[in-house]
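Here is a short briefing on one chain. Start with the strand pairing, then move to the overall fold, the aromatic residues and one loop position.

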Amino acid sequence: MIKKGPMKLKMGGLGGLGGLGGSLGGPKKLIKKTLDKDVSELSGGQRTKVLLCKLLLESPMILILDEPTNYLDLEHIMWLKNFLINYENAFILVSHDTTFLNEVINVIYHIESAILTRYKGDYENFERMYDLKKRQQEQAYDKQQKEIDK
């Protein structure tokens, strides 16, 4: 249970989130060191961990994550990666961390010119398929222009 103001968290509700304690000595020390403080006193990384923990404790049907690796150290990025790989529900992920994307995603929905296109695979596959699609469109346009010029 998380309350507004000075945060309190019941340990029994952490389930598989214990790894979020990481190098701070495990979840009990993380809670003692950080969650008894006002959130405004926490560092950016600590705030990210607290908000991520709160979000994951809510067991949402769909996670929406915007740049989730920002402010996380390598240990916590690895924890999040493993969590998302094993997450049973859907998640929407916005990130500039292509290495992270390649490790956790298997479908990309790309919006361009008000058209939604679905690409299967990781980000590198998306880039290849998107480039191929663009080249095919350019070739079709060039061919059309040659026909018009005749």
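In this predicted model, strand E1 (residues 62–66) pairs with strand E2 (residues 90–94). The pairing is parallel and runs over five bridges. Within it, Leu 63 of the chain stands opposite Phe 91 in E2.

**Strand pairing and crossover**
- Helix H3 (residues 74–86) joins E1 and E2 in a β-α-β unit.
- That unit is right-handed.
- In a regular strand, side chains alternate between the two faces of the sheet.

**Overall fold**
- Five helices and four strands make up the secondary structure of the chain.
- Along the sequence, their order is α-α-β-α-β-α-β-β-α.
- The pattern therefore opens with two helices and ends with one, each being a DSSP run.

**Burial, contacts and surface**
- The chain has 150 residues, and 32% of them count as buried.
- Take the contacts between residues at least 6 apart in sequence: 43% of these join residues at least 24 apart.
- The accessible surface of the chain is about 10,200 Å².
- Carbon and sulfur atoms account for 54% of that surface.

**Aromatic residues**
- The structure contains five aromatic pairs.
- In one of them, the ring centres of Tyr 123 and Phe 126 are 5.5 Å apart and the planes meet at 45°, so this pair is tilted.
- The angle falls between the cut-offs of 30 degrees for stacked and 60 for edge-to-face, which is why neither of those words applies.
- Both residues, Tyr 123 and Phe 126, belong to helix H5 (residues 123–149).
- They sit three residues apart there, about one turn of the helix.
- Is Phe 126 buried or exposed? Its relative accessibility is 7%, so Phe 126 counts as buried.
- Tyr 123 has 22% relative accessibility and therefore counts as partly exposed.
- The cut-off for buried is under 20%, so Tyr 123 does not meet it.
- Tyr 123 and Phe 126 also belong to one aromatic cluster, together with Tyr 119 and Tyr 130.

**A loop position: Ser 43**
- Ser 43 lies in the loop between helix H1 (27–35) and helix H2 (44–57).
- With 37% relative accessibility, Ser 43 counts as partly exposed.
- How far apart are the C-alpha atoms of Ser 43 and Tyr 71? They are separated by 8.9 Å, while the two residues are 28 residues apart along the chain.

Key
Residues numbered from 1 in each chain as written. Predicted model: local features only at pLDDT ≥ 70, side-chain atom pairs only at ≥ 80, totals over all residues. Heavy atoms only, no water. Pairing = 2+ DSSP bridges. Right-handed = clockwise from strand over helix to strand, strands pointing away. Buried < 20%, exposed > 50% of the residue type's maximum accessible area, 1.4 Å probe, protein only. Contact = heavy atoms within 4.5 Å. Areas by Shrake-Rupley, 256 points an atom, 1.4 Å probe, with all protein chains shown as cover. Phe/Tyr/Trp six-rings, centres within 6.5 Å; stacked < 30°, edge-to-face > 60°.
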